[in-house]
Amino acid sequence: MNNIDEHKTDDDQIVESAFQDLLEGYLRSNHRKKIDIIKRAYTFAREAHKGVRRRSGEPYILHPIAVARIVSQEIGLGSTSICAALLHDVVEDTDYTVEDIENLFGPKIASIVEGLTKISGGVVADHISLQTENFRKLLLTMSEDIRVIIIKIADRLHNMRTLDSMAPAKRFKIAGETAYIYAPLAHRLGLYAIKSELEDLSFKFEHPDSYEKINLKIAESEGNRHELYSHFATPIKERLLQKGYEYTMKARVKSVYSIWKKMQAKNIPFEEVYDLYAVRIVFQCPEDRDEDDICWSIYNIITQIYHPHPDRTRNWLSTPKPNGYRALHVTVMGPDGNWVEVQIRSQKMEDIAERGLAAHWKYKTGDKAEDGELNGWIENIKNALDNPSPDAMDMLSSIKMNLYSNEIFVFTPKGDLITLPKNATVLDLAFTLHSDLGYHCIAAKINHKLVPLTQQLHSGDQVEILTSKSQAPKAEWVEHVTTSVAKSRLAAALRKDRRQVIALGEKTFNDFLIEHGKEPTNEIVNRALARLGFKNPDEFFYKLGSGGITLDNSHLKKIFERNNNNKLMQYLTLGLVRPQESSSGQSTDDIKSIDRKQTYILRKVNGVPNYTIATCCHPIPGDDVLGIIEPHTHTVVVHKQECHEAMKIKSTYGSRIVNTMWQADNTEAFPVTIEIRGIDRLGMLNDITQLITHELKINMRSLNISAEQGIFVGKINIFAHDVTIVEQLCTQLRKIKGLQKAVRIKN
Ligand code: MN
């Protein structure tokens with residue numbers, strides 16, 4: 001028992017002193033001294049992780065403290081970030097929620113912790129090893145606050161430093177991610193020291209033998225290198241001294257990882273890596289001097305002694321790298337016949353280069369608000385990302401994120417990461433994945449929630465495209481696609497579709513003529529167009545092919561009657577006209593002769609309905625309807641009996657009412673809208689479309705469903721001949737598990 005107590009006390013001491021170290025580092029910084037909130041965050045995190053240990057056996061809380069320490073002392077962020085770092089694993093690993101954090105520490109810290117939790121778990125973690133290039137972008141687009149990424153990098157750095165305490169199965173994954181995702185991100189954010197350390201740590205783990213060998217060779221070549229360097233440096237030092245500059249000059253050996261990379265890339269042994277080291281001159285800039293001027297002055301000194309490589313002067317002074325790096329680089333021919341790179345910087349440039357953000361605090365004057373400063377820095381990064389430097393040297397790193405603001409990244413159900421432009425919709429994704437998916441897309445599931453095909457996508461969405469064989473491309477889709485691939489695929493489908501319909505229409509017309517003993521000629525086609533009111537053959541044939549007109553004797557009559565000098569044809573035509581029909585065949589004539597005491601039969605005359613469907617109530621056959629004679633056009637407008645509009649008219653203009661009845665053999669299909677509602681579940685959409693298109697074989701125009709918090713609501717647009725079919729459909733729909741409501745509504 002004593003033993004346990006002692007152990008506990010030891011732990012407490014270790015934890016306490018780690019926290020004190022964090023606190024002291026923070027107090028030494030230029031930040032405002034917001035100790036209170038940091039202490040609270042620490043106490044809260046310590047309690048939340050209480051009793052939990054890392055694999056190494058040490059108390060878990062040491063990890064968040066270490067991350068906070070990196071964030072504070074190695075990166076230079078302030079209290080908000082320190083608190084978020086202390087709390088970064090609380091939501092993921094304990095029962096506390098983001099709301100708890102928000103209540104205790106405010107919305108800013110809570111949202112950073114939330115961002116960190118989102119990255120570690122859920123959809124991202126599942127797919128992290130997939131396309132790393134896009135993953136980096138995803139991280140950035142998902143994180144509204146850049147501090148999320150920075151703290152994540154610090155988290156990763158500590159995990160890499162203590163990789164042995166991670167589960168063995170996880171180590172390779174962590175090392176791989178570090179090299180491919182986090183090191184480049186650190187580089188991008190200007191955290192050079194961290195970037196190099198991450199690379200070296202991951203390389204050390206993945207290639208322990210090579211790491212050891214290269215390390216050994218660096219040590220072995222130390223003496224020789226030192227000799228070469230002093231040979232090279234001596235004349236430069238003399239001149240710098242003459243000029244009175246205060247400076248340090250060092251040979252910086254490349255990192256183990258970058259030496260190895262060079263050996264791999266050039267397929268050379270260690271001994272042939274000639275630029276094993278670079279010389280760095282860091283000078284103190286006097287208050288009254290311009291640091292850029294001094295850089296150039298030192299440049300002149302060096303190039304007067306050694307011959308510069310004509311293509312290897314890098315001026316990062318006038319055009320800093322997107323991540324803020326500034327320096328002047330020159331490569332000169334050294335006395336031993338090797339090219340040597342010399343990096344010239346002021347102390348301030350050096351600090352910024354090594355530590356990125358941290359340096360900005362060191363050089364800030366006065367007591368500016370932390371967030372103002374940070375926002376400025378974030379703004380710089382965003383600007384850099386939006387306007388990447390065109391310089392070829394930096395192109396690689398620029399390209400990585402220059403699409404930051406206008407691209408989104410979504411996952412397929414299998415975990416593929418797809419890049420789409422901002423504002424892309426479900427349809428865009430469907431067409432991007434495959435033409436067929438686009439053609440037959442009816443909706444999608446985003447993060448397992450049903451959404452309509454017009455839904456805009458967001459970075460990090462997992463999107464499952466839902467299709468139906470009966471679905472076909474619609475002209476109105478054009479308004480809901482933004483990608484060029486979707487646009488062109490849709491246009492091609494619509495064109496192809498239209499051509500097919502036109503061809504069908506033309507064949508129908510020719511067959512019709514032949515059936516009635518006529519020769520299909522251009523002349524007859526032209527006359528048909530003129531008499532039936534079409535501008536061009538395509539329009540006519542399209543209407544015909546799509547079922548917009550059904551040819552009958554009245555058409556034949558129209559095409560061939562009057563103005564026709566061919567007696568025989570006139571005779572034939574007239575013979576086909578039913579005697580009871582009026583010669584003009586116009587529906588207005590029908591109406592003018594409406595006998596209001598008789599029931600008006602709703603039917604087609606010459607293929608044109610002798611009525612208009614009221615747009616206020618959209619009746620269909622089977623509904624109790626009444627006709628109202630429109631006084632100006634003398635058409636019969638059909639309303640539902642209970643329609644408010646109809647009631648109004650009925651009460652004022654009773655004389656316009658006419659009893660109506662649908663013609664029994666009506667084959668017309670009417671648009672009907674059905675509203676559905678229910679509990680969302682996997683396969684719901686599929687069950688609905690199966691029922692409509694396969695079991696009941698109903699022509700579905702569209703299906704729009706949206707789901708929120710497990711409840712979906714939707715509208716189904718179908719073509720139906722009459723009420724019976726609609727009622728049957730609604731009854732069947734309500735039998736689907738989870739579907740609670742299915743009613744016909746006004747269109
Ligand atoms: Mn962590």
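Leaving aside neighbours within four places in sequence, which residues is isoleucine 153 in contact with? The legends below describe close-up views of a predicted model, and the first view answers this.

**Figure 1. Surroundings of isoleucine 153 in the largest nonpolar core.** Beyond its neighbours within four places in sequence, isoleucine 153 is in contact with Tyr182, Leu185, Ala186, Leu189, Leu191, Ile194 and Leu198. The core comprises 62 residues, and Leu87, Ile101 and Ile153 have the most contacts inside it. Helix H10 (residues 146–161) supplies the largest share of this core, 9 residues. Separate from it is a second core of 41 residues, which includes Ile442, Leu602, Ile620 and Met700.

**Figure 2. Coordination of the manganese ion.** The ion is coordinated by NE2 of His63, NE2 of His88, and OD atoms of Asp89 and Asp155, at 2.2 to 2.5 Å. Along the chain, the donors of the manganese ion have the spacing H-x24-H-D-x65-D. Histidine 63 is in helix H3 (residues 62–75), whereas histidine 88 is in the loop between helix H4 (79–86) and helix H5 (90–93), so the pair ties together parts that are 25 residues apart in sequence. Histidine 63 counts as buried, at 1% relative accessibility. Histidine 88 is also buried, with a relative accessible area of 2%.

**Figure 3. Buried residues of helix H15 (residues 256–266) and their cover.** Val256, Tyr257, Ile259, Trp260, Lys262 and Met263 are buried in this helix. The cover over the buried residues of H15 includes helix H12 (192–206), helix H13 (208–220) and strand S1 (247–253). Asparagine 267 follows H15 and has a positive phi, near 55 degrees.

**Figure 4. An open sheet of 4 strands with helices H30 and H31.** The strand order is S20-S21-S19-S22, and the pairing is antiparallel. Strand S20 (699–708) and strand S22 (739–745) are the edge strands, each pairing on one side only. From one strand to the next, the twist averages 15 degrees. S20 and strand S21 (residues 711–720) run antiparallel and are joined by 9 bridges. Leucine 703 stands opposite isoleucine 716 in S21. Helix H30 (residues 684–695) lies across strand S19 (670–679), S20, S21 and S22, and runs at about 160 degrees to S20. Helix H31 (residues 723–734) packs on the sheet and touches S19, S21 and S22, with its direction at about 165 degrees to that of S22.

**Figure 5. Two loop residues with positive phi, asparagine 423 and histidine 618.** Most residues other than glycine have a negative phi. Asparagine 423, not a glycine, has a positive phi of about 75 degrees. Asparagine 423 sits in the loop between strand S7 (417–421) and helix H21 (426–433), and is partly exposed with a relative accessible area of 41%. Histidine 618 has a positive phi of about 45 degrees and is in the loop between strand S14 (612–613) and strand S15 (625–629). Histidine 618 counts as buried, at 18% relative accessibility, because buried means under 20% relative accessible area.

**Figure 6. Confidence along the chain and two stretches with pLDDT below 50.** The mean pLDDT of the chain is 79, and 82% of its residues reach 70 or more. Among the elements of the chain, helix H2 (residues 35–48) has the highest mean pLDDT, 95, and helix H20 (residues 395–401) the lowest, 30. The pLDDT is below 50 over residues 382–405, a stretch with 34 contacts in the model beyond near neighbours in sequence. Residues 564–591 also have pLDDT below 50, and this stretch has 37 contacts in the model beyond near neighbours in sequence.

Notes:
Residues are numbered from 1 along each chain as its sequence is written. This is a predicted model: local features need pLDDT of at least 70, side-chain atom pairs count only at pLDDT 80 or more; totals for chains, interfaces and linings use all residues. Side-chain values use heavy atoms; hydrogens and water are left out. Donors are N, O and S atoms within 2.8 Å of the metal (3.2 Å for Na, K and Ca); water is not among the atoms, so sites may look incomplete. Buried means under 20% relative accessible area, exposed over 50%, partly exposed in between (1.4 Å probe, protein chains only). A nonpolar core is a set of buried Ala, Val, Leu, Ile, Met, Phe, Trp, Tyr and Cys residues joined through side-chain atoms within 4.5 Å. Contact means heavy atoms within 4.5 Å. pLDDT is the predictor's confidence in each residue, from 0 to 100. Two strands pair if DSSP finds at least two bridges between them. Axes are lines fitted to C-alpha atoms, for helices over the stretch in contact, and angles run from 0 to 180 degrees between N-to-C directions.
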